[in-house]
Amino acid sequence: METLILTGNHAVAYAVKMARARFISCYPITPQTGIVEKLSEFILNGELEAVFVPVESEHSAMAACIGASLTGVRTFTATCSHGLAYMHEMVHWASATRLPIVMAVVNRTIGPPWNIWAEHGDSVSQRDTGWIQLYTSNHQEAFDTVIQAYKIAEDPNVLLPVMVCLEGFVISHTAQPVILPNQEDVDSFIPHEPWRHIIVDVDNPITHGNLQMPEDWFYEFRFLMHRAMDAAKEKIVRCSIEFEKIFGRNHGHLVEEYKCDDADVILLSMGSLADQAKVAVDVLREEGYKVGALKLRAFRPFPEEELRRVAKRTKCIVVVDRNLSPGKGGALASELKATLYGFKGMPIVIECVAGLGGRDVTLEEEIGLLKQAFRVMEEDGEPSGIIWLGLK
Amino acid sequence: MSGIFEVRWHGRGGQGVVTASRILAVAAFNEGFVGVQSIPWIGAERRGAQIEAYNRISRTPILLHSQVYAPDAVIVVDPSIISEDNNAVVRGLKSGGFLVINTARSNIISSLRVPEGCSVYLVDATSICLELDLQVAGLEVLAMPMLGAFAKATSLVSLKSLEESITSSFEAELAKKNVDAVVKAYESTRKAHLMPEQYVPPVPPSKPIRIPEIHHWTDLPPVPVSTPSKGSIGNTGDWRTRKPVIDKEKCNKCLFCWMYCPEATINIDDSGFPQIDYNYCKGCEVCFNECPRKAISMVVEEK
């Protein structure tokens, strides 16, 4: 076990190395490039025994990963933004073929205007592809979540690919201490047992992706994917508990609560803003405000029961979305409202869109949002539309 | 020290600012600060363009991920930045903080205005780099000696920790050169004495504004468009550390330099000689390399 000061990108690369991925295919794109560079270096200097296939596009990178995963080997790729959008067709193919591929998405907005900075919109817009989506708040969590992702994806009841999301620059290019576990512990946590549901083997020929007529079984295969997502919920929780037993760290299960037990107002967010929200909570608790922070780790599968359980105990949830669906609002706020609707004793939900295109979100701004929620509750208790944080 | 110590670096792309900020984080961690962060703020990713980087250093783990707005220390790696705008480097600097400047000119001191109680430290990092030939791809790695100056000014990290951090980051020979630069800077860093009127109230923290003519979202068109304009990203001439000088005795007016200049900063004068527009020439050395008559030399700039 050692602690290194690593960028988020390098933390991911180290995790992929320790997970012993055997096949990697990536196309470099800012701000993900550091992952590709480091993995290439590991392969070149013999630290990682893997095949690296350079490709001409992200579409091909995912196609290559699908091909490799069909042979039963652990595969990895990473992309973001325009690259992920370009990959989109194959993203569906990976999940519907039920392949346990792990992909890091170094969240970056999509242009124009040209912008290379952090926003969750790229992965959020892949919401309906059937991938498990885990969002990480810091460097250690990015490392640990990649390790966990293989365990979740390869579970026979799950068999779905996993996106591990970390914000571009905010996490990818900054450096923080990261504890690297012992290789033996990682090996025993994620022993590699090849999946059996689909294996390309020249001695036993198969085809897949065959035509399914409307009255055949297509609909049922989608139903199975949805059931696999339910299984993934359990698996993510169990995986997190087992991880803590071995490695002594826990980043939450599907969600992570911070001082939510007696909180009147809770700030719900994903990624780095959730880490920072804990500091905002500490500052406001000192001033006597009963506040809490809630971090969403799993956006797919969406943790409906866990959110309702926390929501029942509080008066107001402020949702900070670092993404925007123009014409509706932030994705997390929409999903939360849909989750709470129709249940008794649910709190007010205040929607906030923040940090688009990498606009910095400060501690003071998160503190301000929580205070604003108290004012809304004191006045008439009805939120009036989206709060556009820092809009000039 | 209690709480989080925040550092802001001002430099230019290619001067090693990001690397130095990383080395500082490692050094601080080795010294027992379990919370360390190195945060590069990279704009257009261009060599020579102004960049900032930040460090947070703390005895407890750090959960903040935003940029640094109210630093305890500011390190000015490139002296030209301070001559452009003194306010830019002291914005948000806390009273009682540290301002560490790379400069060879002591007359820079009289024009400084710093928040009350601040200590100002000066070091000639450029000369140290030139003397040790500490260069990467034609640019002096000015940020490295600044680590020594920072250690001297703040006593936050020791020379030993910096040395260990550097040794773990570079090959042996390169590490030695970098360590030498840090040690030399540490030894030659001196405290500047300012007049009482140079201490002013702190400049409030702010987020930088790049397009000042637009004040509000209602001023925006549906999409941004730009039209061709001269020097749209400012006087890029400030990005140079060396400038190309044409020797008209040797020049035969072949105009290779005019053709090769990637920024079109070479014009042709009335008598047919190439003429460099120093307001925009970035000192990239392409003309210097292409000139078939070796009529162009690169001269270290006085800043």
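1. Domain bounds here come from an automatic or database domain assignment, and on that basis chain A of this predicted model is divided into domain 1, residues 2–247, and domain 2, residues 255–388. Taken over C-alpha atoms, the centres of domain 1 of chain A and domain 2 of chain A are separated by 28 Å.

2. The two domains of chain A meet through 26 residues of domain 1, which are in contact with 21 residues of domain 2. On the side of domain 1 of chain A that touches domain 2 of chain A, at least two residues each are supplied by α5 (121–124), β6 (132–135) and α8 (218–247) of chain A, and α8(A) gives the most, with five residues. By class, this side of domain 1 of chain A has 13 nonpolar, eight polar and five charged residues.

3. As for the overall form of chain A, the chain has twelve helices and 15 strands, and its C-alpha trace spans about 70 × 55 × 45 Å along its principal axes. Because a compact globule with 392 residues would have a radius of gyration near 21 Å, the 21 Å found for chain A agrees with that expectation. Of the 392 residues of chain A, 54% count as buried; among contacts in chain A between residues at least 6 apart in sequence, 81% join residues at least 24 apart.

4. Between the chains, 20 residues of chain B are in contact with 20 residues of chain A. The side of chain B that touches chain A draws at least two residues from each of α1 (17–30) and β2 (35–41) of chain B, with the largest share, five residues, coming from β2(B). Sorted by class, that side of chain B has twelve nonpolar, six polar and two charged residues.

5. The largest nonpolar core has 190 residues, of which A:V12, A:V146, A:V164, A:L267, A:V318, B:V100 and B:M146 touch the most other members; the named residues thus include members from chain A and from chain B. The largest share of this core, ten residues, comes from α1(B), a helix that also supplies at least two residues of the side of chain B that touches chain A. Apart from this core lies another, of nine residues, among them B:C261, B:I266, B:A295 and B:I296.

6. A:V12 may be inspected as one of the core residues that touch the most other members. Leaving aside its neighbours within four places in sequence, A:V12 is in contact with A:I35, A:A78, A:A104, A:A142, A:F143 and A:V146, and A:V146 is itself among the residues of the largest nonpolar core that touch the most other members.

Terms used:
Residues numbered from 1 in each chain as written. Chains lettered and ligands numbered in written order. Predicted model: local features only at pLDDT ≥ 70, side-chain atom pairs only at ≥ 80, totals over all residues. Contact = placed C-beta atoms within 7 Å. Helix = DSSP H or I, 4+ residues; strand = E, 2+ residues; numbered from the N terminus. Nonpolar A, V, L, I, M, F, W, Y, C, P; charged D, E, K, R; others polar. Core = buried A, V, L, I, M, F, W, Y, C linked by C-beta atoms within 7 Å. Buried ≥ 20, exposed ≤ 12 C-beta atoms within 10 Å, placed from the backbone. Rg over C-alpha atoms; globule rule 2.2 N^0.38 Å.
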